[in-house]
Amino acid sequence: MRFCFIIEAPYRNEPMPVVVARQLKEWGHDVDILEPQASITYLSGLSRAGYDAYVLKTVSDGPGLSILEAAEAAGIAAINRPQAIRQVRDKAVAITRAQAHGLPVPHTYFVAHRDLLYQVPEEDYPLVIKPTNGSSCRGIYKVTSQDDLATLDLTGAEGCYLLAQHYVENGNFDIKLYVAGTQVYGVAKRSPLHPRVEVDKHRIPITIEMRALALQVGDIFGLDIYGLDVVETTNGSMVVDINDFPSFGQVPDATTIVAAHIIEVASRRVARRLNNAPPARLIDISA
């Protein structure tokens, strides 16, 4: 198969997804790397390039998503699908869609600018405040009362819309669930809200509930390769974040797992496209 990996500047020197591209090459597939911040992209030739799928791991508001959408518009498989990426990248949309489908998520408010934080009812404190387009645990803050808002430093969330979520007591660490298709892996990691709580990032066994929750997220958002952050509360697991194409850190054989799933998804979508193609028009040349 032929793949085009869109590698944005922040991931140029990162293992993921470059190691996956290399694995696919070792398995005999053709893989090209497209760096949208280093070269132009010939949109008029997308449909003639001969790729079976475009693969993207993007940053918030990165240029790769536009190219991925263009490739899908040209009839080429996209992994993950761009509409799924956009839904989880905008955390206001993600949290609302998750709640509408019955996922356990915190009570949440959309806040256009910091001065409006004072309108959040006192009974919803403590609050977790985060940017709607945040990633990599940046710009996340916890406040215990309205008095804390006056001194709140939102440097990491400047120029962003905000979410204010009710903080639910938990085990003071996060659980990252990494998913590729139906394979789910759990990793315990330090919480950005409890930086002083020492947690060595390590693989953990997952419960039946966690697995079901992780797969439900994939079904709801239409994601192929994704992750979700959950916390354990007295009422069970609660989803606090969803992201596309995570790093799969601490997951054994992550490279082969992700590469194999990319082949599976691409093969399935190529077959579906061929099966749905209109029949060739026959021309009567006997006359």
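Biologist: How many bridges join strand β6 to strand β8?
Modeller: Five bridges join them, with β6 covering residues 127–131 and β8 covering residues 162–166, and the two strands run antiparallel. Within this pair, L127 stands opposite H166 in β8. Strands count as paired if DSSP finds at least two bridges between them, and the elements themselves are DSSP runs numbered from the N terminus, helices being H or I over at least four residues and strands E over at least two.

Biologist: Before we go on, what kind of model is this?
Modeller: This is a predicted model, in which local features need pLDDT of at least 70 and side-chain atom pairs count only at pLDDT 80 or more, whereas totals for chains, interfaces and linings use all residues. Residues are numbered from 1 along each chain as its sequence is written, and side-chain values use heavy atoms, with hydrogens and water left out.

Biologist: OK, back to that sheet, what is the strand order?
Modeller: The order is β5-β8-β6-β7 in an open sheet of four strands with antiparallel pairing. The edge strands, each pairing on one side only, are β5 (108–111) and β7 (141–143). On average, neighbouring strands of this sheet are turned by 25° against each other, direction ignored.

Biologist: And which strands does helix α4 lie across?
Modeller: Helix α4, residues 91–100, lies across β5, β6 and β8 and runs at about 35° to β8. Such angles run from 0 to 180 degrees between N-to-C directions, the axes being lines fitted to C-alpha atoms, for helices over the stretch in contact.

Biologist: What about the parallel pairing, which strands form that open sheet?
Modeller: Four strands form it in the order β2-β1-β3-β4, and the pairing is parallel. Its edge strands are β2 (30–34) and β4 (77–79), each of which pairs on one side only. Strand β1, residues 2–7, pairs with β2 over five bridges, and the bridge partner of F3 in β2 is V31. Helix α6, residues 254–276, packs on this sheet, where it touches β1, β3 (53–57) and β4, and its direction makes about 155° with that of β4. Contact here means heavy atoms within 4.5 Å.

Biologist: Switching to the interior, how many residues has the largest nonpolar core?
Modeller: The largest core has 30 residues, and F3, F5, L24, F248 and I262 have the most contacts inside it. A nonpolar core is a set of buried Ala, Val, Leu, Ile, Met, Phe, Trp, Tyr and Cys residues joined through side-chain atoms within 4.5 Å; buried means under 20% relative accessible area, exposed over 50% and partly exposed in between, with a 1.4 Å probe and protein chains only.

Biologist: Where does the largest share of this core come from?
Modeller: It comes from α6, which supplies eight residues, while β1, α1, β3, β4, β9 (173–180), β10 (183–190) and α6 each supply at least two. There is also a second, separate core of 25 residues, which includes V88, I175, M210 and L213.

Biologist: What is F248 in contact with, leaving aside its neighbours within four places in sequence?
Modeller: With those set aside, the contacts of F248 are M16, Y178, V179, A180, I225, Y226, A254 and V258.

Biologist: How many salt bridges does a search of the whole structure find?
Modeller: Nine are found, each being a side-chain nitrogen of Lys or Arg within 4 Å of a carboxyl oxygen of Asp or Glu. One of them joins R12 to E35, with the closest N and O atoms 2.5 Å apart. R12 lies in the loop between β1 and α1 (15–26) and E35 in the loop between β2 and β3, so this pair ties together parts that are 23 residues apart in sequence.

Biologist: What about R86 and E69?
Modeller: Their side chains meet in a salt bridge at 2.8 Å, N to O. R86 lies in helix α3 (residues 82–89) and E69 in helix α2 (residues 64–73), so the pair ties together parts that are 17 residues apart in sequence. R86 is partly exposed at 42% relative accessibility, and E69 is partly exposed at 29%.

Biologist: And how far apart are the closest N and O atoms of E264 and R268?
Modeller: They are 3.4 Å apart in that salt bridge, and the two residues, four apart in helix α6, are separated by about one helical turn. Elsewhere, K176, K189 and D229 are joined into one network by salt bridges that share partners.
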